[in-house]
Every structure is written in C-alpha cells, then in structure tokens.
Amino acid sequence: MKVNSVPSTNWSFTLVGRLMLAEAVTFAIASILHFGVAESFIGAAIPEAIIAVVLGAGSIAVIRRGTGSWWIGLATTLFAVAGVIIGLSVILGGRASRPIDLAYHATIFVALVITVVLLFVSRR
C-alpha cells in the first residue's frame, strides 16, 4: 500500500484552491446567465464576471502554493464576499422579486465563508 507523502497542509491548500475554483465557476455561470442567456441584467453580469476572474486567479495561486498564496487566497475570497454582500443588498433593496438570485447569493455567501475558515485552518 502506497502512503501519501503530501503533507496535510498541502492537501488542504489544494482542497481550498479547488473549492475557490468551483466558486469562481459559479460566478462565471451567473454572469453568463445575466448577460442575456436567462435574463439581461448587466448590473449583475459585470460584477459577477469580475469576481469570477479574481476568485479564479486566487484559486490558481492557492493551488500552486507560491509565495504569498495564502494572502492572495484570503484577499480574493474576501473580495468575493464583499461582492456578494453588495449583491444581496441590491437584491433585498430592489423592487423586483428575485428568489433565484437571493438563493444563489445566500448559498455562495455561506460557501465563501466556509472557504475563509478553511483558509485559516489550512494555514496552521
């Protein structure tokens, strides 16, 4: 039986990076949907595209474990959290009911908070 020689911190960093990448993909999909595939809502499409790119870049940094990758991962994830909070405030303050958008933002908010926690755990 072959024993995994990768230290647990490396494994957890890879896991966190993959989680961040999955979150970035969901932002990209949301952006595409808001660019006119499901509805035209440019006010959400552009910020979601920016968050997707930033979070995707952060995920690559975390997976590669280069110099400062932990800080990059934390900064890009917190950037995404800030964007989600702004998105939630727009949804909750808007005139139109957007239950699907609300559900997505609430879910991705929880996922991003879990990612931040995992980043801190993986740093130990």
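Is E39 buried, exposed or partly exposed? E39 is partly exposed, at a relative accessible area of 28%. On that scale, buried means under 20% relative accessible area, exposed means over 50%, and partly exposed is in between, with a 1.4 Å probe and protein chains only. I will come back to E39.

A word on the source. This is a predicted model, in which local features need pLDDT of at least 70 and side-chain atom pairs count only at pLDDT 80 or more, while totals for chains, interfaces and linings use all residues. Residues are numbered from 1 along each chain as its sequence is written, and side-chain values use heavy atoms, with hydrogens and water left out.

Now the overall layout. The chain has four helices and zero strands, and from the N terminus on its elements read α-α-α-α. Helices here are DSSP runs of H or I with at least four residues, strands are runs of E with at least two, and both are numbered from the N terminus. The chain has 124 residues, of which 35% count as buried. About 7,500 Å² is exposed, and carbon and sulfur atoms supply 72% of that area; the areas come from the Shrake-Rupley method with a 1.4 Å probe, and for residues only the protein chains shown count as cover. As for contacts, meaning heavy atoms within 4.5 Å, take those between residues at least 6 apart in sequence: 70% of them join residues at least 24 apart.

Helix 1 next. This helix covers residues 8-34, and V25 is found in it. L21 is in helix 1 too, and so is T14. T14 is buried, because its relative accessible area is 18%. Leaving out residues up to four places away in sequence, T14 touches I63 and R65. R65 sits just after helix 2 and takes a positive phi of about 55°.

V25 and L21 go together. V25 counts as partly exposed because its relative accessibility is 42%, and L21 counts as partly exposed because its value is 38%. Both belong to a nonpolar surface patch of about 510 Å², made by L21, V25, I29, I32, L33 and V37. Patch residues have over 30% relative accessible area and no salt bridge; like charges are joined within 9 Å, and nonpolar side chains (Val, Leu, Ile, Met, Phe, Trp, Tyr) within 5 Å. A salt bridge is a side-chain nitrogen of Lys or Arg within 4 Å of a carboxyl oxygen of Asp or Glu. The C-alpha atom of V25 is also 9.1 Å from that of V53, which is 28 residues away along the chain.

Helix 2 runs over residues 42-64, so to speak of its span: 23 residues reach 33 Å from first C-alpha to last, close to the 33 Å expected at 1.5 Å a residue. The expected span is 1.5 Å times one less than the number of residues. Among the buried residues of helix 2 are E48, I51, L55 and V62.

Helix 4 has 25 residues and reaches 36 Å between its first and last C-alpha, close to the 36 Å expected. Its buried residues include D101, Y104, I108 and L112. H105 also lies in helix 4 and counts as buried because its relative accessibility is 8%. Apart from residues up to four places away in sequence, H105 touches E48, V84, G87, L88 and I91.

Now the rings. A pair of aromatic rings is described by the distance of the centres and the angle of the planes. Rings of Phe, Tyr and Trp (its six-membered ring) pair if their centres lie within 6.5 Å; planes under 30 degrees apart are stacked, over 60 edge-to-face, and the rest tilted. There are three aromatic pairs in the structure. In one of them, F27 and Y104 have centres 5.9 Å apart and planes at 85°, so the pair is edge-to-face. F27 lies in helix 1 and Y104 in helix 4 (residues 99-123), so this pair ties together parts 77 residues apart in sequence. Both F27 and Y104 are buried. W70 and W71 form another edge-to-face pair, with 4.8 Å between centres and 85° between planes. W70 is buried at 6% relative accessible area, whereas W71 counts as exposed at 52%. Ring pairs link W70, W71 and F120 into a cluster.

Back to E39. Its place is the loop between helix 1 and helix 2. Setting aside neighbours within four places in sequence, E39 is in contact with L33, H34, R98 and D101. Of these, L33 is one of the patch residues, and D101 is one of the buried residues of helix 4.
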